[in-house]
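Reader: I'm new to reading protein structures, and I'd like a close look at one part of this one. Could you pick a single strand and walk me through what surrounds it?

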Amino acid sequence: MPNKDMIPVEVIILTDTSDIKGTVYVSTKVAANRQLTDLLNNNERRFLAVTNVEIYPKNSNQPPKRYEFLEIRLDSIQMVHPTSQAVFKETSKTQEDIARFRELRAKLNKTKPF
């Protein structure tokens with residue numbers, strides 16, 4: 001259970017194989033525009049905890065798989081955004097953003113924590 005300094009944010013998480021909808025908890029002690037960024041760029045984390053999860057496999061007509069709790073390896077994440085800002089049309093800009101995110105994630109994984 002999250003503490004009082006955490007708030008839920010419903011997000012869409014894109015991976016190579018799935019689109020994932022769920023809830024992550026972010027700190028209230030961080031500026032609103034930095035909450036997800038700080039959560040994802042925390043060098044002490046290797047996994048992202050997500051609740052109320054729905055996994056939609058790409059290129060499949062299968063119904064979504066549902067889980068109360070799931071941890072997703074940060075290296076497998078291409079993009080995360082709040083559902084309130086969801087863009088469902090994939091564009092070349094989306095592909096550029098995904099490529100930049102992967103490059104940044106690779107650089108961060110090479111750095112050593114403090």
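Author: Sure! First, a bit of vocabulary: helices and strands here are DSSP runs, with at least four residues for a helix and at least two for a strand, and they are numbered from the N terminus. Keep in mind that this is a predicted model.

With that in hand, the chain has two helices and five strands. If you read along the sequence, they come in the pattern β-β-α-β-β-β-α. Of the chain's 114 residues, 31% count as buried. Take the contacts between residues at least 6 apart in sequence: 55% of them join residues at least 24 apart.

Now let's zoom in on strand β3, which covers residues 47–57. Look at its partners to begin with. Strand β2, residues 18–27, runs antiparallel to β3, and five bridges join the two. One spot to find is serine 18, whose bridge partner in β3 is proline 57. Strand β4, residues 65–73, also pairs with β3 in the antiparallel sense, this time over eight bridges. Here you can look for leucine 48, which stands opposite isoleucine 72 in β4.

Next, let's go through a few residues of the strand itself. Threonine 51 is found in β3. Is threonine 51 buried or exposed? Its relative accessible area is 19%, and buried means under 20%, so threonine 51 is buried. Leaving aside neighbours within four places in sequence, threonine 51 is in contact with Gly22, Thr23, Tyr25, Glu68 and Phe69. Pick out tyrosine 25 from that list: threonine 51 and tyrosine 25 are 26 residues apart along the chain, yet their C-alpha atoms are separated by 8.9 Å.

Step along to asparagine 52, which also has its place in strand β3. At 54% relative accessibility, asparagine 52 counts as exposed, because the cut-off for exposed is over 50%. There's something else to spot in its backbone: the phi of asparagine 52 is near 50°, a positive value in a residue other than glycine. Most residues other than glycine have a negative phi.

Glutamate 54 lies in β3 as well. Its side chain and that of tyrosine 56 are joined by a polar contact of 2.3 Å. Not counting residues up to four places away in sequence, glutamate 54 touches Asp19, Ile20, Lys21, Pro64, Lys65 and Arg66. Among these, Lys65 and Arg66 fall within β4, residues 65–73, while Asp19, Ile20 and Lys21 fall within β2, residues 18–27.

What comes after the strand? Asparagine 59 is found in the loop between β3 and β4. Its phi is near 55°, again a positive value in a residue other than glycine. Asparagine 59 has 86% relative accessibility, so it counts as exposed.

Before you leave, take a look at the empty space inside the model. The count comes to one cavity of 30 Å³ or more, and about 30 Å³ of space lies in the largest cavity. Its lining is made up of Asn41, Asn42, Asn43, Arg45, Arg46, Arg105, Leu108 and Asn109. Sort those lining residues by type and you get one nonpolar, four polar and three charged.

Terms used
Residues numbered from 1 in each chain as written. Predicted model: local features only at pLDDT ≥ 70, side-chain atom pairs only at ≥ 80, totals over all residues. Heavy atoms only, no water. Polar contact = N/O pair within 3.5 Å; in protein donor to acceptor, adjacent residues only side chain to side chain. Contact = heavy atoms within 4.5 Å. 1 Å grid on protein atoms, 1.4 Å probe; cavity = no way out; pocket = protein on both sides within 12 Å on 5 of 7 lines; lining within 4 Å. Points joined across faces, edges and corners; volume = space filled by probe spheres on them. Nonpolar A, V, L, I, M, F, W, Y, C, P; charged D, E, K, R; others polar. Pairing = 2+ DSSP bridges. Buried < 20%, exposed > 50% of the residue type's maximum accessible area, 1.4 Å probe, protein only.
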